[in-house]
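These are my notebook entries on one protein structure. I set down what I looked up, entry by entry.

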Amino acid sequence: MSPIILILIAIGLGLAGWLAGRAKAWSFQKASPQARPVARPIYHAWYVAIWIVVPVLAFIMLWSVVAPQLVTQSVLASDAAASLPSFGFERESWLAEARAAAYGNAPGVFNGGAEALVEPYREAISRYSTIGYVLTFLIAFGGGAWSFLRVRPDFHARTKVERAVMIVLLIASLVAILTTFGIFASLVFETVRFFGMVSPIDFLFGTFWGPDPMSNPASPEGDRYGAIPLFWGTIFIGAIIAMIVAIPLGLMSAIYLTQYADPRLRAWVKPALEILAGVPTVVYGYFAALTVAPAIRDAAVAVGISNASTESALAAGVVMGVMIIPFVSSMADDSIAAVPGSMRDGSYAIGATKSETITRVLFPAALPGIVAGVMLAVSRAIGETMIVVMAASTAANLSANPLERMTTVTVQIVKMLTGEGSFDHPATLSAFALGFVLFLVTLVLNFVALRVVKRFREAYD
C-alpha cells in the first residue's frame, strides 16, 4: 500500500468535508438571514476538513511503520517460511528478494529458495493494503461525521480553526529546536564514546593527525588523533584567507551599490553578484583546482619559490572568499539601505562629506546587519568541503605557509565516515568528535555576533 495513495485519499476526503461543512454553514444564513452565525462559513468548512485530514494523516504515518512489520510477520507465519534459514544474512537476503519481487520492484528472485515466499508476500500485502484503505475511510468518516454534526450557527468554528493553526505553527517552530537538540545529543553521545578510547588531551592538543582505520580498536594510538592541524586548517582557510578576500570586496561592493551606483547599474550588478551564491560548490572546486591553483603555483615559482604546490591553502581560501562575497555584500547592502534617511541628511546638514557620512554614520548604524552577514559567511566557509578537497588536498598540515597543502575539519569528517569503517572504531568516532568541536565553535561565534549586534543596536535605536 503506497502512502502517497493514502495521502491523496486524505486530501480528497478533506476536500469533500470542506465542501460539506461550507454548504451546511451557508444553509444557516439562507434559513434565517437576520440570525447571523458567530463564524463565517469558511471557518466551518476548514473545521470539518481539519478533523478529516489530520487524523487520517496521523494514521498513515503510523500505518506506514506498522504495515511492513505485519506483512513480514504474516509471511513468517506461513508454511512457505519453513524453508528459510534459521538466521543470518542469507535469511534476510531471501526475505528482501521476495519482498522486492512481490512489490514489483524486481523482475524476480536470485535465490531459488526465495521464490516460494513471493506469493505469501503478495497475499499479505494485498490483505493489509485492504485493511489500510478500510481503516482510512473509517477514520475519515468518523472525524468528518463528528465535526459535521458540531457545525451549528452558535458554534465558534473560527476559534477552533485558529487554535489548530497556532498548534501547527508551534510544531513548526519546535522543529528547528528539536532538530538542533537531536544533533547535539547524537554528537555528544558519540563524542563521549570516542573520548572513552582516546584522551581528550591528545585529541584537542595533539599536533599529528593520522588515524588508522585498520588498527586494533582495543588499543588505539592516541598520539595519532591530534586535531590541532585540522582546527588550524579550518581557521586558516575559512576564517582568515577567505575573509580577507570576502569582507573587503563584499563591503566595498555594498557601499558602491547603495551610495554611488546609478539605479540602472545597480539593477543589473546586484543580481549578477548574488548569482555567485547559487553556483554549486563543485564548480568553484573545479575553478580552484584547474585555474586558480596553477596560477598561484606559477606566480610563486616566478618569484623564486621552487617548492610551491598545485594544491595550496591559498587557492582554496581565495576561491572560498569569492564564493561567500554575496553573503557579506547582500547583508551589508540591505543594512546600509535600511539606515533612516534622516541620519544621512543630518550628517550632510552639519557639513560632513559623503565619505565621512558613510564611515561615521551609515556604517556604524548598519553594523549589526554587517556583522550578521560576516558571521553567516564565516559559518558558510567553515562548513565548506568540496573546494578544500579539490584545491587544498586532504593532508593534515600544521603550517602558516599558505602555499602548502592543508585540510579542514569537514574534509576529515567526510573521509572518516565514508568507506566501510566500523562505528565502534575510534577512527570513525573521531568524525563525531570533530563535528562536536565544530558545533561548539560555531555556537561561540554566534554568541559573539549576537553580543556585538545587541550592543550597537542599543546605541543606534
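**Entry on helix α14**

How many of the 16 residues of α14 are buried? I worked from a predicted model throughout. I found that 12 of the 16 residues of α14 are buried, so the rest of the structure largely encloses this helix. The cut-off I used for buried is a relative accessible area under 20%. I listed the buried residues of α14 from its start: Leu367, Pro368, Gly369, Ile370 and Val371, then Gly373, Val374 and Met375, then Ala377 and Val378, and at the end Ala381 and Ile382.

I then checked the length of α14, which runs over residues 367–382. With 1.5 Å a residue, its 16 residues should span 22 Å, and the C-alpha atoms at its ends are 22 Å apart, so the two values agree.

**Entry on the nonpolar cores**

I next looked up where nonpolar side chains gather. In soluble globular proteins, such side chains tend to be buried together. Here the largest nonpolar core has 67 residues. Phe203, Ile237, Ile324 and Leu434 have the most contacts inside that core. Helix α7 (residues 228–260) gives the most to this core, namely 11 residues. I also noted a second, separate core of 19 residues, which includes Val75, Ala80, Leu84 and Trp94.

I followed Ile237 further. Leaving out residues up to four places away in sequence, Ile237 touches Ala242, Ala313, Ala316, Gly317 and Met320, as well as Val388, Ala392, Met406 and Thr408.

**Entry on the cavities**

How many cavities of 30 Å³ or more are there? I counted 2 cavities of 30 Å³ or more.

The largest cavity has a volume of about 40 Å³. Asp212, Ser215, Ser219, Pro220, Glu221, Arg224 and Tyr225 form its lining. I sorted the lining of the largest cavity into 2 nonpolar, 2 polar and 3 charged residues.

The second largest cavity has a volume of about 30 Å³. Here I met Ile237 again, as a lining residue together with Thr234, Gly238, Met320, Ala381, Ile382, Glu384, Val388 and Thr408. Both α7 and α14 supply at least two residues of this lining, and α7 gives the most, with 3 residues. The lining of the second largest cavity divides into 5 nonpolar, 3 polar and 1 charged.

**Entry on the largest pocket**

I recorded a volume of about 450 Å³ for the largest pocket. It is lined by 16 residues, of which Ile50, Val54, Lys160, Ala164 and Ile167 are the closest to the pocket centre. Which helix supplies the largest share of the lining of the largest pocket? The largest share, 10 residues, comes from α5. Helices α2 (41–76) and α5 (157–195) each supply at least two lining residues. By type, the lining of the largest pocket has 13 nonpolar, no polar and 3 charged residues.

**Entry on helix α4**

I picked two residues in α4, which covers residues 115–150. The first was Thr136, which lies in α4. Is Thr136 buried or exposed? Thr136 counts as buried because its relative accessibility is 1%. Apart from neighbours within four places in sequence, Thr136 is in contact with Leu6, Ile9, Val56 and Phe59.

My other choice was Gly143, also found in helix α4. Gly143 has a relative accessible area of 10% and is therefore buried. Beyond residues up to four places away in sequence, Gly143 touches Trp51 and Ile52. I also compared Gly143 with Pro280: they are 137 residues apart in sequence, and their C-alpha atoms are 47 Å apart in space.

**Entry on Gln259**

I returned to α7 for Gln259, which lies in that helix. With a relative accessible area of 12%, Gln259 is buried. Setting aside residues up to four places away in sequence, I found Gln259 touching Ile336, Arg344, Lys354, Ile358 and Leu362.

**Entry on Ser393**

My last entry concerns a backbone angle. Most residues other than glycine have a negative phi. Ser393, by contrast, has a phi near 75°, a positive value in a residue other than glycine. Where does Ser393 lie? Ser393 lies in the loop between α15 (386–391) and α16 (409–417). I noted that Ser393 is buried, with a relative accessible area of 7%.

Terms used. Residues numbered from 1 in each chain as written. Predicted model: local features only at pLDDT ≥ 70, side-chain atom pairs only at ≥ 80, totals over all residues. Heavy atoms only, no water. Helix = DSSP H or I, 4+ residues; strand = E, 2+ residues; numbered from the N terminus. Buried < 20%, exposed > 50% of the residue type's maximum accessible area, 1.4 Å probe, protein only. Contact = heavy atoms within 4.5 Å. 1 Å grid on protein atoms, 1.4 Å probe; cavity = no way out; pocket = protein on both sides within 12 Å on 5 of 7 lines; lining within 4 Å. Points joined across faces, edges and corners; volume = space filled by probe spheres on them. Nonpolar A, V, L, I, M, F, W, Y, C, P; charged D, E, K, R; others polar. Expected span 1.5 Å × (residues − 1). Core = buried A, V, L, I, M, F, W, Y, C linked by side-chain atoms within 4.5 Å.
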